[in-house]
Structure formats: C-alpha cells, structure tokens
Amino acid sequence: MSHKRVLIIGGGAIGLAIGWRLARAGCSVALFDRGRVGCSASWASAGMLSPLSEAQFEEEDLLHLGLKAMEVYPDFVGELEAETGCCVGYRRDGVLLVGITQDDLEYLKFRYRYQRELGLPVTYLSGAEARSKEPHLSAQVSAAVWCPGDHQVDNRRLVMALKRGVEAAGGEIFEDAAVDELLIDGMRVIGVRVGEKVHKGDTVVLASGCWSRLMPGLPDSAKPPVRPVRGQVARLGTTREFALNTIVWYSRVATSTVAYLVPKGDGTLVLGATSEEMGFDEDVTAGGMFELLRAAWEVVPGIYDLRVVESMAGLRPGSRDDAPILGKTPVEGLIMATGHYRKGILLTPLTALTIAEVILEGRTPEIIRPFGIDRFGL
Ligand SMILES: Cc1cc2nc3c(=O)[nH]c(=O)nc-3n(C[C@H](O)[C@H](O)[C@H](O)COP(=O)(O)OP(=O)(O)OC[C@H]3O[C@@H](n4cnc5c(N)ncnc54)[C@H](O)[C@@H]3O)c2cc1C
C-alpha cells in the first residue's frame, strides 16, 4: 500500500484512469477538472482501438505501444467493470479499410504491404469479399484491407466507469475546479493552486490534454509540446434495417479526407473525423460536416436516410511527433501523461498501468522509455 498524495490535473480518460489505478493502490488521490470530467476529447472520440489499421510509416515505436495497449485492454476493462458494475462496451468488431478510386487503391495496397512487412494479421479483399463481410458497403468499393485484430470500446461509458472507479476507491474528484498554477519549490513539485486554495502533494500528474502546455508555473524544460488538433464528429441513429457489422474506414485520397463509421452498442453510428489545425476553436462547421458526410456516404450510401442525433468537435492533444509524452520530467514529482493525439482511448489502460508503476515503484517501464519529454531536448 502506498500513502502518497497524488494530484491529477485533468479528468479526461487519461487522468481518470491514472487516478483509478493509484486510488486502488492506496494513494490519496485528488483529481481536478476545469469542467465536467470526461467531456472533452475523451467524449468526442470514436472509441476505436485500432493500431493495425492506423499503422503509419515511421511510427514503429508507437505501433508497438499500441499493440501492447491491446494486450492489456481486456483485463483492464474486466477489472473496471467488476469493480464498478458498469459495462464499457468493449467489442472485437474488426476494421475494414476500404477504397473506391484508383488512387485510393494504390494507397491501400501500399499500406497493406507495409502492414504485412510488420507481420500484422491483415487480409486484402476484393470489393465483393468486403461486401460479404459488410453488406452495407457501396457497390463502388473496389477493394479493402480486413483488420480483425482491431477492436472498440464505448469511450463515454469508459470515462463514466473510470469516474465511478476513482470515487469507489476513495479518490476525490473536483469538477469546475481549474488548476490555476502548478506550485514548484526549486525543481520539486509541492502542489497546485485552484483559485485561492492550495492543495499540497508529493506528486502531480499533468493530464490536461491539449491544454497541458498552458499550465502556469511549468518551467520551459517541462512544457510539453502539445497543440489542439480539432476533430469533428457526427452521431447518426441507426434503424433495425440498417446496422453495420464492422467498423468501416475510408481514406479518400483525392481530398485527403478520412472518414470512419463506428457502430455503437446504443444503436448510434459514430461518423468521424476531421483533422484540423484551428487552435482552441471547438466549432462544428458546415464544411467539416460536408466532407465527412460525403466520404461516409460514398462508401456506405445507406446512411443517407439516418437521423443526425448529435454533432460535436473535440481537440486532440497532438505532440510534435504525434506520440504521447509519458513519465518523469526535470521537475521532481511532476509526471507527464499527455499528447495522446489520435490514440488516447486505445492508450488509456497502458498509460494508467505504466504511470502508476512510475509513481508507485519509481521506475520507468521499458515500453514507455521512447516517449519521455526528454526526447524533445527542451
Ligand atoms: C473526434 C475525435 C475522435 C477520436 N477518436 C479516437 C479513437 O477512435 N480512438 C482513440 O484511441 N482515440 C481517439 N481520439 C483521441 C482521444 O480522444 C484523445 O487522445 C484522448 O481522449 C485524450 O484524453 P485526455 O484525457 O488526455 O484529454 P481530454 O479528454 O481532452 O481531457 C483533458 C481534461 O483536462 C481538463 N483541463 C484542461 N485544463 C485544465 C486545468 N487547468 N485544470 C483542470 N483541468 C483542466 C479538461 O477540462 C479536460 O477534461 C479521438 C479524438 C477526437 C477529438
């Protein structure tokens, strides 16, 4: 049992999951969010756990992190569900990466060859084979890559379960409580200030997503280079006649649009997502929705008649190299857990387990060593 006093700044999936692991290990945990917990990027997310379909050239460390994250997911959500009684909608759907035009197919083949070189279990399918897996695909879809090892979770249920988990394990959650300053003495963290109130702690975890860099009191050597990357999403209501079996993912090469369709257990279909550099602007725009709906409709025309139940935008915390920033910093007691960009829901359990190890045991697990803030040479 640890008796450390740990303060967590930010109650997205990342901060909550770390809080849950530490509280159940006996730490005295206080988590602060400037709004309601779980309502920022973690709420906007599509909840895909898709390291295979998202494998990018030049990102092998990140791919290994993602594959490791997949390994720990089932046990993590199993424990969370058992402790909280909440179901988080973990599903082993698989992802179909699809293409229509010649340039889509060239890109698909190029990615497929790379996935195979990495030894990933993926299969190249003709359009007809793809339609036998997912009958709602358009007749225009001419080929696909099937990634059965990619899964999904209901990210909204996940954050709500994590909130319950923190509280059930004795952690305190303060909402509408923006941390106004990180308090440092010499190069050691001593607490945080929320309004007029000072909260003291041995350890502070910076998990405030795309806002992490803005925290007053952070020295330059510990300012994580993260920025907001806007993602717009829509949720459509499916019907009895129309429900997808798998996640469908379309990279529309002609307009550099990515559209994915993710069927959820509550009967909604998440349509995501734009990727825009618009600072902290969280507007949903006509152009963003247009691009998304057009690309999604091209591959799954049946969405045309579905009801739009929601649209929103979220800000992904993107780092300079699109990889997360995890672990110790030059300030003693200050721990980073930010910059998760497009993979924060996938990386939530692994981040929580590894950051808990850093805090409880004082050692940095091998798997997160490439992701320290020291890689930026600040
Ligand atoms: C449209 C979209 C789709 C996505 N799809 C996927 C997907 O399919 N799979 C996947 O793995 N990832 C996906 N992501 C990425 C994923 O959602 C993020 O990486 C993840 O949610 C980041 O979690 P977080 O806890 O770091 O940040 P957030 O969820 O943004 O939480 C940060 C929290 O910090 C709080 N905060 C900020 N400043 C302060 C302060 N001063 N004091 C106190 N609190 C503060 C905020 O209020 C907020 O609640 C998607 C993201 C978007 C936007």
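So, two domains. In this predicted model, the protein chain splits into domain 1, which covers 5-81, 155-225 and 320-376, and domain 2, which covers 95-148 and 228-318. If you're following along in the sequence, each domain is put together from separate stretches of the chain.

How far apart are the C-alpha centres of domain 1 and domain 2? They lie 28 Å apart. As for who takes part in the contact, domain 1 puts in 33 residues and domain 2 puts in 32 residues.

Okay, on to area. People often describe the size of an interface by the accessible area lost when the parts come together. Here, the area buried between domain 1 and domain 2 is about 2700 Å², and carbon and sulfur atoms account for 67% of that.

What about charges across that boundary? Side chains of opposite charge can pair when their charged atoms come close. Between domain 1 and domain 2 the count is one salt bridge. If you want to find a salt bridge on screen, go to R156 and E310, whose side chains meet at 2.8 Å, N to O. Then there are the polar contacts: eight residue pairs between the two domains, both partners at pLDDT 80 or more.

Now look at the side of domain 1 that touches domain 2. The elements giving two or more residues there are helix 2 (41-44), helix 3 (60-84) and helix 6 (155-168). By class, that side of domain 1 has 16 nonpolar residues, ten polar and seven charged.

Let's zoom out. Over the protein chain you've got eight helices and 19 strands. The radius of gyration is 21 Å, close to the 21 Å from the globule rule for 378 residues, so the chain is as compact as a globular protein of that length. Along the principal axes, the C-alpha atoms fill a box of roughly 65 × 40 × 40 Å.

Back to salt bridges for a second. The count comes to 23 salt bridges. One to pull up is R36 with D176, where the closest N and O atoms are 3.5 Å apart. That pair ties together distant parts of the chain, 140 residues apart: R36 sits in the loop between strand 2 (28-32) and helix 2, while D176 is in the loop between strand 8 (172-174) and strand 9 (181-185).

Last bit, two backbone details. Which peptide bond is cis, with omega near -25°? That's the bond from G272 to A273, and A273 is in the loop between strand 16 (268-272) and helix 7 (286-299). The other is S256, not a glycine, yet with a positive phi of about 50°. You'll find S256 in the loop between strand 14 (247-252) and strand 15 (257-263).

Conventions. Residues numbered from 1 in each chain as written. Predicted model: local features only at pLDDT ≥ 70, side-chain atom pairs only at ≥ 80, totals over all residues. Heavy atoms only, no water. Domains from an automatic or database assignment. Contact = heavy atoms within 4.5 Å. Buried area = accessible area lost by both parts, 1.4 Å probe. Salt bridge = Lys/Arg side-chain N within 4 Å of Asp/Glu carboxyl O. Polar contact = N/O pair within 3.5 Å; in protein donor to acceptor, adjacent residues only side chain to side chain. Helix = DSSP H or I, 4+ residues; strand = E, 2+ residues; numbered from the N terminus. Nonpolar A, V, L, I, M, F, W, Y, C, P; charged D, E, K, R; others polar. Rg over C-alpha atoms; globule rule 2.2 N^0.38 Å.
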